[in-house]
Amino acid sequence: MNLHGTPLSPRARFLHDLMTGAARYVQRERHLRDLFAGVATASDIPTLDASQLSAYELGALLPAVYRVDIENGDAVDARREVEKEVRERQPLFTPEACADLFDAMAGRWENIRLGAGVLLRCPAGAPLDRLADPARVVVERLLRENRLDEPFSLLAAAGLAGMDAEVAERLTAGRGPLAVAEVELLLGWDAAQRALFAEFVEEISPGPLYRAVPPPLPDARERLSALPGYVAFVRSTVEAAAARVDAIHAGEVPYRAEKAFGVGEKQTIGRAVRIALLRDEPWLPGPLERLVRGVAVAPTKAKTLPSQGVLFEIARAAEDHPTPEAVSALRAARDLTRHAGVPKQLDRKLKRIEPALADRVEVAFRLPDGRVRQALGEHTAVISIEGETELSWWHGDRKLKSVPAAVKREHPDEVKRLRELAKQVGRQQKTLVRALEAGFAHQVAPPYRQIEGHPIADRLIWEFEVSPGVWRSELGLTVPDVPVRLWHPARATPDEVRAWREVVQDKELRQPFKQAFREVYLLTPAEEATATYSNRFAGHVVGYHKLYALLKQRGWQAPYLGPWDGGGDGEARRVLGGGGWRATFLHDYLWHEDGCATTGEVRFHRMAEDGWREAPLAEVPPLVFSEAMRDVDLFVAVASIGADPEWLDRGVDRLRDYWQSYGFGDLSENARVRRDALARLLPRLAIADRCVLTDRFLVVRGDLRTYRIHLGSGNILMEPNDAYLCIVPKGAGDRVFLPFEEDGGMLSVIVSKAFLLAADTEITDPTITRQIRS
C-alpha cells in the first residue's frame with residue numbers, strides 16, 4: 001500500500017486501517033490463533049507498536065489521526081500509539097502528506113501548533129499554495145473564537161493564508177512597544193521561518209489538542225540564530241528593557257508598581273533573555289544585571305516593585321538555560337527587594353536553577369573560585385574552600401573561634417554580608433562539583449583547564465594524554481599543554497584503582513565526589529540476553545517521596561505520581577553524553593501502600609536524525625551506561641524501604657519479606673565499594689580490635705552483645721539470636737576521616753553505629769538499651 005507517496009509496511013498499513021475503520025483489532029486475535037495453530041509466525045502478527053515505523057510512515061499516518069472517530073475503540077488505540085511515537089521522534093512528510101494533514105485539521109479539530117510544526121518539516125519545493133485554503137479555515141476559526149494563546153503558530157498559518165494584516169492587528173492591539181516590535185519582526189519572515197520561531201519559543205500545553213506535537217528540531221537553536229535580524233532584536237530588547245528600568249529609577253519615567261512594562265512585553269523580554277542565555281551571549285551580563293536589579297525594587301521606599309512578572313520570567317529563563325552571571329543577578333535581586341513574598345519565590349527558583357547550572361558544563365566552569373580575604377580593622381575574614389566552605393576570623397596568624405566582638409560592634413553589616421557570601425560560595429562549589437561529575441559521561445571533554453589551580457581540582461585525579469593514545473593519571477591539574485580528562489575507574493586496571501584508593505586513604509584526601517572509590521557498572525550476561533533493557537534494579541520497593549527528591553537532585557526529569565487517574569506510571573529520564581544519549585528509569589506508584597513505589601526497567605535511547613531511538617545496551621558508551629546505572633543504584637540504596645530501620649513499625653505485612661531480603665541480602669555495587677572503603681578505614685579506627693569485616697556485614701563486638709551491621713542497608717542484627725536492633729541513623733561527625741562525600745551518607749552511618757555499639761555499656765538511650773537487654 002502506498003499512502004501520500006510513502007510505501008507502508010504491514011504494521012503501518014494495519015495501524016492506518018484501524019484508524020480509518022478499514023480493519024478491526026479482532027484481526028489480531030485471528031492471527032494469534034493462527035500462530036498457536038502453527039499456520040503463522042510471530043512476525044505475521046500485526047501489533048499496535050509504532051516504534052519501528054519510519055519517519056515518513058509517521059508523517060503519512062498523521063492525517064488519519066485527526067480523522068479518528070472517538071466512538072471507535074480500535075481506532076482510538078491505534079491513534080494513541082501513533083501519537084506516542086510522534087511525541088518522541090521527528091515525522092517526515094511528503095508534499096501530499098502535508099496538504100492532507102492541513103485538510104484534516106481544518107475539517108475536524110485543529111492543532112495550530114502541530115500545523116506550524118508540519119509546515120516547518122514540509123520538504124523543499126512542497127506546493128505550499130495548496131495549504132492556503134485549509135490554513136485560512138483554521139486561522140479564521142481561531143480569530144473568531146479569540147484563541148490567540150499561540151500567537152506565533154497563528155502567524156505562521158497566517159503567512160500561508162495571506163492573512164497577515166488581520167492577525168497582526170489582533171496580536172498588536174493594546175500591546176506594549178517591545179511586544180509590537182516582535183510581531184513586526186516576524187511579519188518580515190516567511191511562513192516556515194515563523195514556524196521555526198513558534199516551535200522554539202511556544203511551550204507545549206497539556207490537553208488533547210497537543211497529543212501529537214513532535215519534539216523540537218535538534219538544530220532549532222542554530223537555525224533560529226540565522227533568522228533575519230533576530231539576534232540583533234534579542235539584544236535591543238534586553239537593552240531597551242534595562243534602559244526603561246534605569247529611567248524609572250532616575251525619575252525620568254513616572255513609577256507605577258507593576259506597570260514598568262505593557263501588555264505582552266513580559267513574554268517578549270522573557271523570550272529574548274531565554275535566547276540570549278541559551279546562546280550564552282557575551283554582551284548579556286551587564287544589561288541583564290541592570291534589568292534584574294531594577295525590576296526587583298521600587299525607586300521609592302515602597303515595598304512594591306516595577307515588575308514582578310518580568311523578574312520571574314527571567315528566573316524561569318535562567319532555570320532553562322542558567323549561567324553563573326544570571327544566578328548572581330537573581331541573588332542580588334533577592335537581597336534588594338522589599339516585597340515580602342518575592343524572596344521566597346526567588347529562593348524556590350534558585351534551588352532549581354543552581355543544580356541545572358551543573359548540566360551546562362561549558363558555562364558552569366566560569367563560577368568564581370570563592371576564596372575571599374577581607375580586612376576589617378585589626379582582624380581578617382577569610383572564606384576558604386579547601387574542604388567544606390568555611391568563614392573564619394583571624395587576628396594576625398591566630399585563628400579565632402568566633403567573630404571578634406570589635407568586628408560585630410563596628411561592622412555588623414559586613415559580618416552579615418560575609419556570612420551570606422559564605423553560604424553562596426558553598427552553593428557555587430556544590431554546583432561546580434556537580435558539573436565536574438556530570439563531565440564523566442560527556443562525549444567531549446569539558447573545559448577543565450578553566451579551573452586550574454582551584455582547590456577542588458587539586459583533590460581530583462586527572463588523566464593527561466602524554467602521547468597519542470597514551471594517558472597518564474596524576475593528582476591535580478599538574479601537566480600543562482596536553483589534552484586532559486577526569487580519571488574514571490572504568491578506564492583503569494584493577495591495580496591502578498587499588499593504588500589510587502590507597503593514595504586517597506593515606507593522604508586523608510577528601511574528594512569532592514566519589515572518584516577513586518567510584519562504582520563501576522559493566523554489562524551483565526542477563527542484560528546481554530535482554531538486549532534492550534536492564535532489570536538489574538527492578539522489583540524494589542522504595543519510599544516514593546524520597547525517590548522523587550533524589551531524581552530531581554540527580555538531574556532526572558519525571559512526572560509526580562500519586563493515587564489519581566494516570567498517576568501510577570512513572571518514567572524518569574536523564575540526558576547524558578552531551579545530549580547524545582538518554583537513560584529511562586521506569587517506576588510505578590504502589591496503590592495499596594501509600595507513599596511507596598516499585599522500580600522497573602532501565603532503557604537507553606540514542607539521539608538520531610528523527611529523534612530518540614531505543615538502543616541495544618551493548619551499543620551504549622560504557623561511561624554513559626555506568627553513570628546512569630550508578631544513579632539508579634543510588635535511588636534504590638537510599639530510597640528502599642529496606643534501608644529504613646523504622647519501617648517495620650509502620651509497614652504492612654505483605655512487604656515484610658522484601659524488607660528482610662533487602663535489609664540483609666546480597667550487596668549492590670554501591671555497597672561493595674562501601675565495603676572496600678571500610679576495609680581500608682577499619683585499621684585506623686580506635687575500635688579496630690572490636691571489628692571484623694565479612695562479605696555482607698561489619699561485625700562489632702560490644703560488652704553486652706555482638707552486632708552485625710549490614711553494609712548495604714545499615715540494618716543491625718544482634719547475636720546470638722539474630723534479633724533486629726533499630727537505631728535511627730546519625731552521622732559519624734568528625735571522629736574519623738571518610739574518603740568521599742557519599743550520597744545518602746551510609747558509610748558515615750555504619751561507622752557511627754559501630755562506635756556506638758562497641759561501647760554498648762555506655763549507651764543511655766532507653767529505646768536502644770531496652771532492645772539490647774531484652
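Which residue lies over the face of Phe 697, and at what distance from the ring centre? The residue is Arg 708, at 4.6 Å from the ring centre. Keep in mind as you look around that this is a predicted model. With that said, let us walk through some of its features together.

Since we have begun with a charge over a ring, here is another example. Arg 485 lies over the face of Trp 471, at 3.9 Å from the ring centre. Trp 471 falls within strand β8, which spans residues 470-475, and Arg 485 falls within strand β9, residues 484-486. This is a good place to look at how the strands here are arranged. Strand β7, residues 461-467, pairs with β8 in the antiparallel sense, and six bridges hold this pairing. Within it, Glu 463 of β7 stands opposite Ser 473 of β8. The two strands form a hairpin with two residues between them, and in the turn you will find Gly 469 with a positive phi of about 80 degrees. Strand β7 also has β9 as a partner: three bridges join them, and they run antiparallel. Here Trp 462 stands opposite Leu 486. As you follow these strands on screen, one general point may help: in a regular strand the side chains alternate between the two faces of the sheet.

Further along the chain there is another sheet to explore. Five strands form an open sheet with antiparallel pairing, in the order β16-β17-β18-β19-β20. At its edges are β16 (691-693) and β20 (723-725), each of which pairs on one side only. On average, neighbouring strands of this sheet are turned by 30 degrees against each other, direction ignored. Look at the β20 edge: three bridges join β20 to β19, residues 716-719, and the two run antiparallel. Across this pairing, Ile 716 stands opposite Leu 725.

Now let us turn to the aromatic residues. A search of the whole structure finds 20 aromatic pairs. One of them is Trp 189 with Phe 197: the ring centres are 5.8 Å apart and the planes stand at 65 degrees, so this pair is edge-to-face. Trp 189 is buried, with a relative accessible area of 4%, and Phe 197 is buried too, at 0%. A second pair, Tyr 658 and Tyr 662, is stacked, with 6.1 Å from centre to centre and 25 degrees between the planes. Both tyrosines lie in helix α27 (residues 656-664), four residues apart, about one turn of the helix, and both are buried.

Trp 189 and Phe 197 also belong to one aromatic cluster, together with Phe 152, Tyr 230 and Phe 233. Tyr 230 and Phe 233 lead us to a pair of helices, as they are among the residues of α13 that meet α10. The axes of α10 (residues 177-187) and α13 (residues 230-249) come within 11 Å and cross at roughly 175 degrees, which means that α10 is roughly antiparallel to α13. On the α10 side, the residues that take part are Pro 177, Leu 178, Ala 181, Glu 182 and Leu 185. Their partners in α13 also include Thr 237, Ala 240, Ala 241 and Arg 244.

One last stop is Thr 431, in helix α21 (residues 412-438). Is Thr 431 buried or exposed? Thr 431 has a relative accessible area of 6%, so this residue counts as buried. Leaving aside neighbours within four places in sequence, Thr 431 is in contact with Glu 354, Leu 357, Ala 358 and Leu 367.

Conventions: Residues numbered from 1 in each chain as written. Predicted model: local features only at pLDDT ≥ 70, side-chain atom pairs only at ≥ 80, totals over all residues. Heavy atoms only, no water. Pairing = 2+ DSSP bridges. Axes fitted to C-alpha atoms, helices over the stretch in contact; angles between N-to-C directions. Buried < 20%, exposed > 50% of the residue type's maximum accessible area, 1.4 Å probe, protein only. Contact = heavy atoms within 4.5 Å. Phe/Tyr/Trp six-rings, centres within 6.5 Å; stacked < 30°, edge-to-face > 60°. Lys NZ or Arg CZ within 6 Å of the ring centre and 35° of its normal. Parallel < 35°, antiparallel > 145°, perpendicular 65-115°, else oblique.
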